[in-house]
Amino acid sequence: MRAHLGAFIVRGNYTEQTFLKLLDEIAKCSLYYVILFIKYDKSIEEKVFFQCLIENPKIKSIILYGAPSDKIFATIDEKPVILAIKDYLEFGKTYIDINYFRVGSNSFYESLNYNYGLNQKLFIDSLGDIFLSFGFPIKIGNLFNDKIEEILSNEKVKEFWKVTKDDVFICDNCEYRYMCFDEGELVRINAKYKKKVECPYNPFISKWDYQEGYMNLNECGIYIQNDKLVIDENRLNHINEELYT
Ligand code: SF4
């Protein structure tokens, strides 16, 4: 399990003054590391980001999203610390992608007991508002008005940190559940949870939505009724036979 807290900040359309104030608050609070996600802007020179990293030791990496191409600008110990990605990130949307999965003993053991995408992380937006994650837009405080320590002792926050993929319908059938970095919104159904938005991967047919032959859960005869997973076995077997024989 990670021993410290991580935070993510997206720099949207806000002023340099607000940005500097956020950095100042982060420097003072107990966050251990910060990853900045900043909208790519070709008018901002690279040296500004190098300076940002040097002057703010808690900022461990800067990701420029919505860039014209993927590019690594700087690495430390072979890990990229300033990089541009083509993806355009939208707040409240989850990005479940096999390329973001983490394979290793740390992620495996953490995933057994915690939600790997949410555990010990916070997302802070351009106004200092704090959310459970980038893809889970439930507001849990504000960096300027609340103490981070109090937010961390909030039972609602801790509840979601502890929801493993084995506690989530559909994910509990997925072979990626101990490496998946999904940090999307969860909805409680009695003793279990379900994802608010269906994952682009359907583990019952081992297909991503961009692959040939993909069908969503409903099309495969799979749905959640009350607090039970219902599977139309005949239909699912027929689909898998068509796909793989
Ligand atoms: S089904 Fe669940 S565990 Fe599998 S890839 Fe999707 S979000 Fe991750």
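Begin with the ligand: by class, the shell around it comprises nine nonpolar, no polar and three charged residues. The model on display is predicted.

**Stop 1: the ligand shell**

Select Ile-96, Lys-165, Ile-170, Cys-171, Cys-174, Tyr-176, Arg-177, Cys-180, Asp-182, Cys-199, Tyr-201 and Pro-203; these are the residues around the ligand. Colouring this selection by class should show the nine nonpolar and three charged members, with no polar residue in the shell.

**Stop 2: the parallel strands**

Next, select residues 33-39 and residues 59-65, which are strands β2 and β3. The two run parallel and are joined by six bridges. To follow the pairing, display Val-34, whose bridge partner in β3 is Ile-59, and then Lys-39, whose bridge partner in β3 is Tyr-65. Add residues 46-55, helix α2. Together, β2, α2 and β3 make a β-α-β unit, and the unit is right-handed.

Extend the selection to residues 79-84, strand β5, which runs parallel to β3 and is joined to it by three bridges. Which residue of β5 is the bridge partner of Ile-62? The partner is Ile-82. Ile-63, in turn, has Leu-83 as its bridge partner in β5. While side chains are displayed here, one general point is useful: in a regular strand they alternate between the two faces of the sheet.

**Stop 3: the hairpin and its turn**

Keep β5 selected and add residues 71-76, strand β4. β4 and β5 pair in the antiparallel sense, over five bridges. One of the pairs to display is Lys-71 with its bridge partner in β5, Ala-84. The two strands form a hairpin that has two residues between them.

Centre the view on Asp-77, in the loop between β4 and β5. Its phi is near 50°, a positive value in a residue other than glycine. Most residues other than glycine have a negative phi. Is Asp-77 buried or exposed? Asp-77 counts as exposed because 5 other C-beta atoms lie within 10 Å, and the limit for that class is 12 or fewer.

**Stop 4: the nonpolar cores**

Now select Val-34, Leu-36, Ile-38, Ile-62, Leu-64 and Ile-124, the residues with the most contacts inside the largest nonpolar core. That core has 21 residues. The elements giving two or more residues to this core are α1 (16-28), β2, β3, β5 and β6 (121-124). A second core, separate from this one, has 15 residues, among them Leu-132, Phe-136, Ile-170 and Tyr-193. Ile-170 should be recognised from the first stop, as one of the residues around the ligand.

Leu-122 is found in strand β6. Its 23 C-beta neighbours inside 10 Å are the reason why Leu-122 counts as buried, the threshold being 20 or more. A distance label from Leu-122 to Asn-99, drawn C-alpha to C-alpha, should read 22 Å, although the two are 23 residues apart in sequence.

**Stop 5: Lys-192 and the loop before it**

Select residues 192-195, strand β10, and highlight Lys-192 in it. With 18 other C-beta atoms within 10 Å, Lys-192 is partly exposed. Which residues is Lys-192 in contact with, leaving aside its neighbours within four places in sequence? They are Asp-167, Val-168, Phe-169 and Asp-227. Phe-169 is 23 residues away along the chain, and its C-alpha atom is separated from that of Lys-192 by 7.1 Å.

Move to Asn-190, in the loop between β9 (186-189) and β10. Here too phi is near 50°, again a positive value in a residue other than glycine. Asn-190 counts as exposed because it has 8 C-beta neighbours inside 10 Å.

**Stop 6: Asn-226**

Finish at Asn-226, in the loop between β13 (222-225) and β14 (228-231). This residue is exposed, with 7 other C-beta atoms within 10 Å. For a final distance label, connect the C-alpha atoms of Asn-226 and Thr-164: the separation is 20 Å, for residues 62 apart along the chain.

Terms used:
Residues are numbered from 1 along each chain as its sequence is written. This is a predicted model: local features need pLDDT of at least 70, side-chain atom pairs count only at pLDDT 80 or more; totals for chains, interfaces and linings use all residues. Two strands pair if DSSP finds at least two bridges between them. Helices (H or I, at least four residues) and strands (E, at least two) are DSSP runs, numbered from the N terminus. A crossover is right-handed if, with the strands pointing away from the viewer, the path from the first strand over the helix to the second runs clockwise. A residue is near a molecule or strand if its C-beta atom, placed from the backbone, lies within 6 Å of it. Ala, Val, Leu, Ile, Met, Phe, Trp, Tyr, Cys and Pro count as nonpolar, Asp, Glu, Lys and Arg as charged, and the others, Gly among them, as polar. A nonpolar core is a set of buried Ala, Val, Leu, Ile, Met, Phe, Trp, Tyr and Cys residues joined through C-beta atoms within 7 Å. Two residues are in contact if their C-beta atoms, placed from the backbone, lie within 7 Å.
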